[in-house]
There are 2 protein chains.
Amino acid sequence: MKEIRIIELKESIFADNNADADRLRAQLKEQKTFLLNLMSSPGAGKTTMLKNLISRLQNDLKIGVMEADIDSDVDAAAILETGARAIQLHTGGMCHLDADMTRQGLTEFGTDDLDLVILENVGNLVCPAEFDTGAVKNMVILSVPEGHDKPLKYPLMFEVADVLVVSKTDVMPYFDFDLDKLTEYAHMRHPGLPIFPICARTGEGMDALCAWLKTQVEDWQK
Amino acid sequence: MKEIRIIELKESIFADNNADADRLRAQLKEQKTFLLNLMSSPGAGKTTMLKNLISRLQNDLKIGVMEADIDSDVDAAAILETGARAIQLHTGGMCHLDADMTRQGLTEFGTDDLDLVILENVGNLVCPAEFDTGAVKNMVILSVPEGHDKPLKYPLMFEVADVLVVSKTDVMPYFDFDLDKLTEYAHMRHPGLPIFPICARTGEGMDALCAWLKTQVEDWQK
C-alpha cells in the first residue's frame, strides 16, 4: 500500500478571496490544468463516483485528486487504490476551502503535468458554496436518499453549481425521490443547470458524465 | 392549513457563547423546559423522525419544534401537520445556531408552558457541532445511506453528541453499512454514547428512542 501524504492547511492570508481565486484560475489556465471542485453532503458518494470516473478517464487524461477533510485519510486511501495520484488535505476543523487553501494543496501536490485535478471539498452543503476555490467548474453531487427538496433548503450550493450529479439512482425504488421535482427546484436556483443521474456501482449514467467532463477539460486546454 | 411563522434571526451580540449557553440552560431549568438540539447531514431524516416521535409523545408531553434553515419553510409545514406547535427560524445564510440565536427563537415562540422543545439545527455535520446552543442534550442522526465511516470524518459532531440515532435502517440491505463498525467508530469519539437504530417509516426502534427521551425530560423536570 502506498503511503498517504497529508497536508495540514494553514489559514489564508488574503482578504479578497474572489480576486485570489481569479489569480489561481489564470495560473491553472496557463499550465493547462483543469480544476474541478466537488461538493456534496457527507455520504453522498463523492469518493465512489470519483473512483469510477477515474477508471474511465485515466487512459485519456492525467488525473490527480486532492481529498479535503477535517480529519482522517480514508478518502485518499480509497483513491490511491485506483492508481491515480492523491493527497489528503486537512482543514484543521474548518468547514470549507478557499482559494489560498486550495493553492497550498496544489503547490504541495505538484500539478503542472496534470490535465485534471479534482478537489473533493469538505462534505457540507452550506459553507463550501460561499468560497470560490479557484476551480474552473463546481460539481455538486446530491444522492437519492437525501431527497429532492435540497435545492429549496440549500439555495446557494445550487446557484454556484456548474453541473449537478444525482447519485445512487439504484436505490430510487426505496425512497420518495422525484427526479422531475428535483430538476424543477434545481432550475429555480440555476436555470439550465446540466443534471446527470448516475449510479457509480452499476455504472449507469457514467458515460454521459465522463463525456461532459472530458469536453470541459478539452475546452479549457485550447 | 395553518400559517407558518418565520423568524429571521439576527447575529449574536455575545462574545462568550459558552457562558451564554449556560445562562440559557439555567433559564430552561427554571421553567422546566427540556431543549433538544437535533443535528445531522442534509437529508438524514430529521423531520420524518420528528413527526413519528411527536405522534408517540404528544399525549404525555407538551411539545414544540423550532425548525432552523437557511431558507424555505418546508420542515415547519411538515411538523404543523402533526398538530404540534412549530416555527421556522431563518439563519440568513449562517451554517449553525448559537445560544443567542436559539434564545431569539425561544422568545418569539413562547415556550414557558412546553415540556419539550426540539431545535432542528441546520443540516450540516461540521459547524453546528462547534456552537453550544444552550440545549440540555444533543441528538445526532446518521442515516444508513451516509455510511458507517462518518465518526472518522466528522469527529467533533460525535464528541458533542449525547445520543446517536441511526436512521433509515429499512434500506440497510441496499447499502454497505456495518452497524458494528459504526458503533466502534462512534465510541472512539465518545465512549459509551447511546445508539438507537430506527426506521421512522416502519416505526422500528422508535419505542426505545421515545423511552430514552421521556426519561431525559422527566429527569430535567425534577
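This is a short tutorial dialogue on reading a predicted two-chain model, its sheets and its chain contacts.

Student: Before we start, what do the numbering and the cut-offs rest on?

Tutor: Residues count from 1 along each chain as its sequence is written, and chains are lettered from A and ligands numbered from 1 in the order in which they are written. The model is predicted, so local features need pLDDT of at least 70 and side-chain atom pairs count only at pLDDT 80 or more, while totals for chains, interfaces and linings use all residues.

Student: What is the mean pLDDT of chain A?

Tutor: pLDDT is the predictor's confidence in each residue, from 0 to 100. Chain A averages 93, with 99% of its residues at 70 or more. The model scores are ipTM 0.85 and pTM 0.90.

Student: How many residues of each chain are in contact with the other chain?

Tutor: Contact here is a matter of C-beta atoms, placed from the backbone, lying within 7 Å. By that test, 28 residues of chain A meet 28 residues of chain B. On the chain A side, helix H5 (residues 150–153) gives the largest share, 3 residues. Helices (H or I, at least four residues) and strands (E, at least two) are DSSP runs numbered from the N terminus. That side of chain A splits into 14 nonpolar, 7 polar and 7 charged residues; the nonpolar class is Ala, Val, Leu, Ile, Met, Phe, Trp, Tyr, Cys and Pro, the charged one is Asp, Glu, Lys and Arg, and the others, Gly among them, are polar.

Student: Now the sheet in chain B. What is the strand order?

Tutor: Two strands pair if DSSP finds at least two bridges between them. In chain B you can trace an open sheet of 8 strands, S1-S4-S3-S5-S2-S6-S7-S8, with parallel pairing. Strands S1 (6–8) and S8 (195–197) of chain B are the edges, each pairing on one side only. From one strand to the next the twist averages 25°; axes are lines fitted to C-alpha atoms, for helices over the stretch in contact, and angles run from 0 to 180 degrees between N-to-C directions.

Student: Which bridges tie S4(B) to S1(B) and S3(B)?

Tutor: S1(B) and S4(B) run parallel, joined by 3 bridges, and B:Glu8 is opposite B:His90 in S4(B). S3(B) and S4(B) are parallel too, over 6 bridges, with B:Glu67 opposite B:Gln88 in S4(B). Between S3(B) and S4(B) the chain passes through helix H3 (residues 74–80) of chain B, in a right-handed β-α-β crossover: with the strands pointing away from you, the path from the first strand over the helix to the second runs clockwise.

Student: Is strand S4 of chain B mostly covered or uncovered?

Tutor: Count C-beta atoms, placed from the backbone, within 10 Å of the residue's own: 20 or more others means buried, 12 or fewer exposed, and in between partly exposed. Strand S4 (residues 85–90) of chain B is mostly covered, with 5 of its 6 residues buried.

Student: And what is the phi of A:Lys168?

Tutor: A:Lys168 has a positive phi of about 60°, although it is not a glycine. A:Lys168 sits in the loop between strand S7 (163–167) and helix H7 (179–189) of chain A. A:Lys168 counts as buried because it has 27 C-beta neighbours inside 10 Å. In chain B, B:Lys168 likewise shows a positive phi of about 60°, and B:Lys168 counts as buried with 27 C-beta neighbours inside 10 Å.
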